[in-house]
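Some labels attached to a structure rest on cut-offs. The turns below set values against those cut-offs.

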Amino acid sequence: VFLLLGGALFGMLYLIVGRVQRRLDQSREQILSQGLERETMQSRHILDLEKERDKLRQTRAELERSETSLSHAQQIARIGNWDWDIIGERLFWSNEIYRIFGLQPGAFHASYDAFLHRVHPDDRDKVTQSVNAALAGGQSYNIEHRIVRPDGTERIVLELAEVIRDDTGRAVKMHGTVQDITERRAAEEGLRLADQVFENSIEGISITD
């Protein structure tokens with residue numbers, strides 16, 4: 001009887017141990033599987049992050065190339081762009097505007113008052129009136145005026161701009177351009193003077209090669 005009971009107990013223990021072992025094996029496999037899945041997901045996440053980083057680098061490089069190309073184009077055309085946040089009282093100048101005004105790019109914090117300070121004294125009222133008229137909605141901002149560089153030289157610029165308004169019609173921003181037209185105006189003046197010479201000359205004039 002004892003032998004039979006002992007054999008039965010041993011058999012039960014064997015079955016129990018076997019079941020426990022199988023469950024342990026299953027748990028171990030499940031844990032390993034979950035660990036591999038986590039590692040795989042982490043690896044994919046890292047790859048996705050690297051791809052996004054590469055895209056950002058590429059986008060940044062493209063933006064830098066575009067900004068460089070725009071800067072070169074503005075320098076060739078002698079035309080710069082500006083943005084005026086009227087509400088925030090912030091003014092942005094492109095590098096070419098600094099060059100037109102005879103300043104190093106970013107040499108000072110651009111502002112409307114700083115801009116007016118560099119407008120020729122005899123033209124400030126005209127510029128102020130034109131700006132106020134554009135903000136009031138009476139007319140577009142399109143004006144030629146003189147500026148004075150730090151070295152005392154004068155330049156003639158052409159400014160064009162549009163006013164951005166909110167839903168209530170209040171002027172909140174202005175976007176515009178500044179173009180140095182000094183040489184063009186000098187050439188036009190030379191042609192005008194030459195035309196006067198032709199008209200007022202009492203002698204015959206012959207043009208040859």
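Q: Why is S130 called buried in this predicted model?
A: S130 has a relative accessibility of 6%. Buried means under 20%, so S130 counts as buried.

Q: Where is S130 found, and which residues does S130 touch beyond four places away in sequence?
A: S130 lies in helix 4, which covers residues 124-136. Leaving out residues up to four places away, S130 touches Q139, Y141, N142 and I143. A contact here requires heavy atoms within 4.5 Å.

Q: What makes strand 4 and strand 5 a pair?
A: Pairing needs at least two bridges between two strands. Strand 4 (residues 154-165) and strand 5 (residues 171-180) are joined by 9 bridges, in the antiparallel sense, so they pair. One bridge links E159 to V178 in strand 5.

Q: In what order do the 5 strands form the open sheet, and why are strand 2 and strand 3 said to stand at the edges?
A: The order is 2-1-5-4-3, with antiparallel pairing. Strand 2 (90-93) and strand 3 (141-148) each have a single partner strand, so one side of each is left without a neighbour in the sheet. From one strand to the next, the twist averages 25 degrees.

Q: How do you know that helix 4 and helix 5 pack on the sheet?
A: Helix 4 touches strand 1 (79-85), strand 3, strand 4 and strand 5, and its direction makes about 155 degrees with that of strand 3. Helix 5 (residues 182-200) touches strand 3, strand 4 and strand 5, and its direction makes about 120 degrees with that of strand 4.

Key:
Residues numbered from 1 in each chain as written. Predicted model: local features only at pLDDT ≥ 70, side-chain atom pairs only at ≥ 80, totals over all residues. Heavy atoms only, no water. Helix = DSSP H or I, 4+ residues; strand = E, 2+ residues; numbered from the N terminus. Buried < 20%, exposed > 50% of the residue type's maximum accessible area, 1.4 Å probe, protein only. Axes fitted to C-alpha atoms, helices over the stretch in contact; angles between N-to-C directions.
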